[in-house]
Every structure is written in C-alpha cells, then in structure tokens.
Amino acid sequence: MLDVTKSLPEDPAELRAFTSLLLAEVKAQAVLIEKLRHQLAGHRAHRFGASSETAEQLQLALEMSEIAIAAMTAKLRLPDDTPADKRKRKPIPDHIPRMEVELTPGNTECAQCGGKLRRLGEDVTEELEYVPGRFIVNRIVRPRMACSGCDCFTQAPLPSRPIERGRPGPGLLAHVLVNKYADHLPLYRQSQIFEREGLDLDRSTLADWVGKSTALLEPLADAIGRHVLAGQAIFADDTPVAMQAPGTGKTQTARLWAYGRDERPWGGGAPPASWYRFSSDRKGEHPKDHLAGYSGWMHADGYAGFEDLYRNGAIREVACMAHVRRKFVDVHKAQGSAIADEAIRRIAGLYAVEKLARGLPPDKRVHIRQAEARPIFDGLEAWLNAQLPGISGKSPLGTAIRYALTRMARMRPYLDHGILEIDNNTAERAMRAVALGRKNYLFVGSQTGGKSAAIAYTLIETAKLNGVDPQAWLADTLARIPDHKINRIDELLPWNAR
C-alpha cells in the first residue's frame, strides 16, 4: 500500500514515478475488486442458486466484467502491468503462416555524420492477424543500424497498433468483435474455437481486447450519434439488459437505448445509422440527456419517460401503428375475436398505402396518404370509438381499443409529413441484434461493460445498414484510427469506407 501520509515529491521525475506507481495501484485494486465480486457471486450462485446455474453462465458473467475492466484501463490510460501470478504468454505456434515485413530507417547514411550505416541486428515483433478463413502472423522485422563513422544508432519505429504492447492485429480484433456482437458468439466459445487452431487465447485475453478496442473506437460511435441527431426525424426504442448490482452479487435491470435515422423510405440522401446508449435504469433523464439539443420528430412508443421531451415542443412525437396492431393480434390469437380481426384488416389497409408511397419524395408521399390513407385512418378511429361502449373495460380487447384511441392523435402527423413513417419499426429492427445477443450472455458486469456493448452495436449495426461488411470495415478502421486526427474522424465512418 502506498504511504499517502508522506508529502508529495517536488522533483518532477520523482513526481512522475510516484504518479505511475499510484495509477498502477489503483488499477490493481480495481481489478481485484471486480474479481472478488464475481467470486462472491459465483459462490452464492453455487450455494443458493437454481440447479440450472452452470459454470458456463459464470464464464459469461466473468467475460462481461473483464471487458469492463479493459475498457476502464484504456479510458483512464492506466499502466498495463502484468501481475506476478499471471501465466506467461505462450509464443504463437509455428504452424501459423508468417508474412514478413521489414521496416528499415530509409536512409543508408547516418543522419549525424553522413557515414554509412551497417546492420548490427534486428528486433522482431510478431502480430497475430486474422484474414477471412485463416490466421496469419505478421512478422515485423526492424533492423538495428549503426554508423560506421560515429557511435550513432538508428532503427525504424514500430507502427502504431490498436492495442499498445499487444499482439493482436486489427483484423483479429475485428473478427472477435463481430463474432461477439453480430454473430452472438460469447468469448469463452471463441476461445475454444481458437484452441482447436492451436492458439492459446483465453477468455480474459479476448475480453481485454474487446474492452480496449471499443474504448479506442468510442469517438467513431460518438460521430455516428451526432449524425443520427442531425436528422429531421429519428426513431427511438429501448430494451432491458441485466446488469450486476455493485456489492450485492445480484442483478438489476439496465437498459440499452437505440436511436435510428433512416431516410431511404422517402429518398433522403443521408446514410442510415443506429446509435446505441447504455444506462443503469429506465429513468426519463437518460433519453433527455441522450437527445439534449435535438429538435425534430421522434417515432416512439408510449413510454411515459419520453413525455418530458415533448413539453417544450422541440421534439414532436410520432406514435407507432405497429404497437397498436400488435395488441389486436394478441387478442385475436388468444380469443379469435371478430372485432380484433376487423381492426387488423383496417390497419392492413393503411400499410397497403405505405407500399405505394415507399421510396417516393415527401410531397408525393403526402399526396398519396391524403388521398388513400386518411379516409381509412379516420374510419378506423370512428369505428373504434363505436365499438368501445359495448366491450368490457377490463377485457384485453377493451384495453387494446383504449390504447389505440389514446395513440391515434399522435399517429396523425405521418399523414401530413412525407418524411415520417407509419410505425417505429426502424428502431425495433435495431433492437433485434441486442435481443439475440442477450440470449448468449447472462448479464453485463458494470456500466462500463454496457457502454462497450453500446459502442460495438453502434458500429456494427450502422455498417450493416449501409451494406458494408462490418468485419472488413472494422479491420481497416482499427488499423487507421490510432494515428487518425480526431477532427477528421468522419472520414472513417462506414459510408465513407474506402
């Protein structure tokens, strides 16, 4: 333990050494706390949990916590020291093909005296890389050159890499990220797959890579967020995610929020994008924070937490017809109700008009909707009002009708504005990846782990929306972003992929 009672050193060199030691201890304690929390959670689950709790689920829990630790380490720039009890990293197996790249200083003459350089030796750095279908090793050779006329030495610098002092190449990091967040393959299963290739990459190593990669890519996710909020109309939705409650060994319900921009239905030129945010609960303050400064239309469900956003008029709500239809579908499936069936038929008429309007400019969409959809919409609202008095207020059908009537006024704007949609399906589609991934992990270990997931989903899902291969794009981006100027980050967005 550092003796903090001593006065701080005045010498700058001593102060830097003291600071480095302090940061190292902070990191060590943070890692120890996370490990002890999960050990306690594991013991509790083993002792008191249901019989279905397995070692596999604990692997998933540890995985999410280790990602959070790595992201925190990268964000705070804590020293990446190696614990004394950590096993030594094994060399990359010889059977993996090598691709040798030699980096020379460029000049054959000494920069100091002009004498001829002679080769003394070389430094070799091996970087494990993945190209679609196979692993390779980039063998980076940097000759050490000495001047024959003086004591000067020179050597080409090692290129910037996504993870400092790490051995994964950008293609391998992209492969791990896409496997986890697009193909829903947990890290411990990826580790097992790599082991069959003769590669010793344990789950904690992969979690470290994921946490540090998402921290590096965060400015790109922020740029996508700014692009989404520049739209005239956005789509919003959220979904629950279990998060470990600090110090309890239990979980609490956190949320992943998705905000989308997609102007393709009305021929807009802006690229589509999905922006994800994580929060520890569902309080309305979170979307208020996410959408600070936004002005325009927002397609959303009837979540009460959004109401505060609409009060000052900067954000105007567009309700979702798909939510209305879904309630009648549920009633029809359960009861075979003729009234529910009729409601579904009338709503189908509205969607038939949307097929005609899809892809047309906003003014033509408005013309078609006014001529074709408005009579159907008005007729649906009048018919629902006529049905309600004869139906029990406590019945599922009565609940569905009342819900529809409370949302009709907030759905009407789509009839008058060609940039709006009849439903919020754009945001709901953005949540499918989260729903599928949620089945493959137990919970996120912390807010930092949830933030890492939100960054990864933002990048991968936005690439997919733009018809860009997320793995190829991420591999290229991870190779370029360490040296890329932050004020030119938009050049790396997926729709600008070279």
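How many residues does helix H11 have, and how far does helix H11 reach from its first C-alpha to its last? The helix, residues 396-411, has 16 residues and reaches 22 Å. That is close to the 22 Å expected at 1.5 Å a residue. The model described here is a predicted one.

Many residues of H11 are covered. Its buried residues are Leu397, Gly398, Ala400, Ile401, Tyr403, Ala404, Leu405, Arg407, Met408 and Met411. What do these buried residues pack against? Their partners are strand S9 (315-318) and four helices, namely H8 (321-335), H9 (338-357), H10 (362-387) and H12 (413-416).

One residue of H11 can be followed further. Arg407 forms a salt bridge with Glu317, and the closest N and O atoms of the pair are 2.5 Å apart. Arg407 lies in helix H11 and Glu317 in strand S9, so this salt bridge ties together parts that are 90 residues apart in sequence. Both Arg407 and Glu317 are buried.

Other salt bridges can be looked at in the same manner. A search of the whole structure finds 30 of them. Arg326 forms one with Glu428, with 2.9 Å between the closest N and O atoms. Because Arg326 lies in helix H8 and Glu428 in helix H13 (residues 425-430), the pair ties together parts that are 102 residues apart in sequence. Are the two ends of this bridge buried or exposed? Arg326 counts as partly exposed, because its relative accessibility is 36%, while Glu428 counts as buried at 19%. The cut-off for buried is under 20% relative accessible area.

A salt bridge can also sit within one helix. The side chains of Arg346 and Glu342 meet in a salt bridge of 2.9 Å, N to O. Both residues lie in helix H9, 4 residues apart, which is about one turn of the helix. Arg346 has a relative accessible area of 22% and is partly exposed. Elsewhere, salt bridges link Arg98, Glu100, Glu126 and Arg139 in a network.

Strand S9 leads on to a sheet. In which order do its 5 strands lie? The order is S7-S6-S5-S8-S9, in an open sheet with mixed pairing. Strand S7 (273-279) and S9 are the edge strands, each pairing on one side only. On average, neighbouring strands of this sheet are turned by 30 degrees against each other, direction ignored.

The pairing can be traced from S6 across to S9. Strand S5 (residues 233-244) and strand S6 (residues 251-261) run antiparallel and are joined by 10 bridges. Here Ala236 has Tyr259 in S6 as its bridge partner. Helix H15 (residues 447-465) packs on the sheet and touches S5, S6 and S7. The direction of H15 makes about 170 degrees with that of S7. S5 also pairs with strand S8 (residues 296-299), which runs parallel to S5, through 3 bridges. In that pair, Ile234 has Met298 in S8 as its bridge partner. S8 and S9 run parallel too, joined by 4 bridges, and the partner of Gly296 in S9 is Ile315.

A further set of pairings involves strand S3. How much of S3, residues 134-147, is buried? The strand is mostly covered, with 11 of its 14 residues buried. Strand S1 (residues 98-102) pairs with S3 in the parallel sense over 5 bridges, and Met99 has Asn138 in S3 as its bridge partner. Strand S2 (residues 117-131) runs antiparallel to S3, and 14 bridges join them. Arg118 stands opposite Ala146 in S3. S2 and S3 form a hairpin with 2 residues between the strands, and in this hairpin Gly133 takes a positive phi near 100 degrees.

S3 also pairs with strand S4 (residues 153-154), in the antiparallel sense and over 2 bridges. The partner of Ala146 in S4 is Phe153. These strands form a hairpin with 5 residues between them.

The last stop is Gln471, whose place is in helix H16 (residues 470-480). Gln471 is buried, because its relative accessible area is 16%. What does Gln471 contact, leaving aside its neighbours within four places in sequence? The residues in contact with Gln471 are Tyr130, Ala174, His175 and Val178.

Technical notes. Residues numbered from 1 in each chain as written. Predicted model: local features only at pLDDT ≥ 70, side-chain atom pairs only at ≥ 80, totals over all residues. Heavy atoms only, no water. Expected span 1.5 Å × (residues − 1). Buried < 20%, exposed > 50% of the residue type's maximum accessible area, 1.4 Å probe, protein only. Contact = heavy atoms within 4.5 Å. Pairing = 2+ DSSP bridges. Axes fitted to C-alpha atoms, helices over the stretch in contact; angles between N-to-C directions. Salt bridge = Lys/Arg side-chain N within 4 Å of Asp/Glu carboxyl O.
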